[in-house]
Amino acid sequence: MEILLKSINGWVPPSPIKCTPTRIQQVQSEKDSVGNLKIKKLLTAKMKFEIEWQFITVSIAQRIMKEFADFNALVVYKDLITGKEKTGYFYPGDYQPVPSTVYQNREMLYKSFPLNIIEK
């Protein structure tokens with residue numbers, strides 16, 4: 001799998017097992033006299049990524065969350081349309097770390113660490 005998420009505030013996170021992009025578009029629209037939807041204008045278009053890491057240390061998960069702590073993380077990602085790198089400011093959405101009983105160098109690993117991030 002090609003990594004869509006390149007860096008967060010200049011830091012390169014470990015490769016996730018899942019990185020699902022979603023393009024969120026808000027439009028101004030109205031219906032005509034026969035009920036057909038007419039798009040008048042694109043108001044915003046932004047990205048959302050659903051990311052999941054498996055078996056990462058608690059300290060790495062904390063680092064990821066610290067990068068988004070001020071709700072203004074600079075993220076470099078691969079653009080879906082052009083295929084080129086793009087930069088945007090993102091904030092964290094939901095996350096739900098799942099602890100495991102596995103340890104690495106005396107540090108617990110999260111079995112799963114899903115997170116979604118949304119472009120501002």
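Is K38 buried, partly exposed or exposed? K38 is partly exposed, since its relative accessible area is 42%. This briefing concerns a predicted model. It covers the largest nonpolar core, which holds 23 residues, the six aromatic pairs found in the whole structure, the four salt bridges, and a nonpolar surface patch formed by V27, L37, I39 and L42.

**Nonpolar core**

- Within the 23-residue core, the members that touch the most other members are F49, F68, V75, F113 and I117.
- Two or more residues of this core come from each of β1 (5–8), β3, α1 (58–67), β4 (73–78) and β7 (107–119).
- The greatest contribution to the core is that of β3, with five residues.
- When neighbours within four places in sequence are left aside, F68 is in contact with I8, A73, V75, F90, Y91, P92, L115 and I117.

**Helix α1**

- In α1, the buried residues are V58, A61, I64, M65 and E67.
- These buried residues of α1 pack against five strands, namely β1, β3, β4, β5 and β7.

**Aromatic pairs**

- A pair of aromatic rings is described by two quantities, the distance of the centres and the angle of the planes.
- The search of the whole structure gives six aromatic pairs, and one of them is the tilted pair of F49 and F90, with 6.0 Å from centre to centre and 45° between the planes.
- This pair links distant parts of the chain, as F49 belongs to strand β3 and F90 to strand β5 (residues 85–95), 41 residues apart.
- F49 counts as buried because its relative accessible area is 0%, and F90 is likewise buried because its relative accessibility is 0%.
- W53 and F113 also form a tilted pair, with a centre-to-centre distance of 6.0 Å and an angle of 35° between the planes.
- The W53–F113 pair again connects distant parts of the chain: W53 lies in strand β3 and F113 in strand β7, 60 residues apart.
- W53 and F113 are both buried.
- Ring pairs join W53 and F113 with Y95 and Y110 in a cluster.

**Salt bridges**

- The count of salt bridges comes to four, among them the bridge between the side chains of K18 and E50, with an N to O distance of 3.8 Å.
- K18 in strand β2 (residues 18–31) and E50 in strand β3 are 32 residues apart, and their pair links distant parts of the chain.
- Both partners are partly exposed: K18 because its relative accessible area is 32%, and E50 because its relative accessible area is 31%.
- A further salt bridge joins K40 and E30, whose closest N and O atoms are 3.5 Å apart.
- K40 in strand β3 and E30 in strand β2 are ten residues apart, and this pair too links distant parts of the chain.
- E30 is partly exposed, because its relative accessible area is 43%.
- The side chains of K38 and D32 meet in another salt bridge, at 3.9 Å from N to O.
- D32 counts as partly exposed because its relative accessibility is 27%, and K38 is partly exposed because its relative accessible area is 42%.

**Nonpolar surface patch and the contacts of K31**

- V27, L37, I39 and L42 together have about 360 Å² of accessible area in the nonpolar patch on the surface.
- Strand β3 (residues 37–57) gives the most to this patch, with three residues.
- L37 has its place in strand β3, and L37 counts as exposed because its relative accessibility is 52%, where the cut-off is over 50%.
- K31 is located in strand β2, and K31 is exposed because its relative accessible area is 60%.
- Not counting residues up to four places away in sequence, K31 touches N36 and the patch member L37.

**Strand β3 across the topics**

- Strand β3 gives the most to the nonpolar core, with five residues, and the most to the surface patch, with three residues.
- The residues placed in strand β3 include F49 of the pair with F90, W53 of the pair with F113, E50 of the salt bridge with K18 and K40 of the salt bridge with E30.

Notes. Residues are numbered from 1 along each chain as its sequence is written. This is a predicted model: local features need pLDDT of at least 70, side-chain atom pairs count only at pLDDT 80 or more; totals for chains, interfaces and linings use all residues. Side-chain values use heavy atoms; hydrogens and water are left out. Patches are made of residues with over 30% relative accessible area and no salt bridge: like charges are joined within 9 Å, nonpolar side chains (Val, Leu, Ile, Met, Phe, Trp, Tyr) within 5 Å. Accessible areas come from the Shrake-Rupley method with a 1.4 Å probe; for residues, only the protein chains shown count as cover. Helices (H or I, at least four residues) and strands (E, at least two) are DSSP runs, numbered from the N terminus. Buried means under 20% relative accessible area, exposed over 50%, partly exposed in between (1.4 Å probe, protein chains only). A nonpolar core is a set of buried Ala, Val, Leu, Ile, Met, Phe, Trp, Tyr and Cys residues joined through side-chain atoms within 4.5 Å. Contact means heavy atoms within 4.5 Å. Rings of Phe, Tyr and Trp (its six-membered ring) pair if their centres lie within 6.5 Å; planes under 30 degrees apart count as stacked, over 60 as edge-to-face and the rest as tilted.
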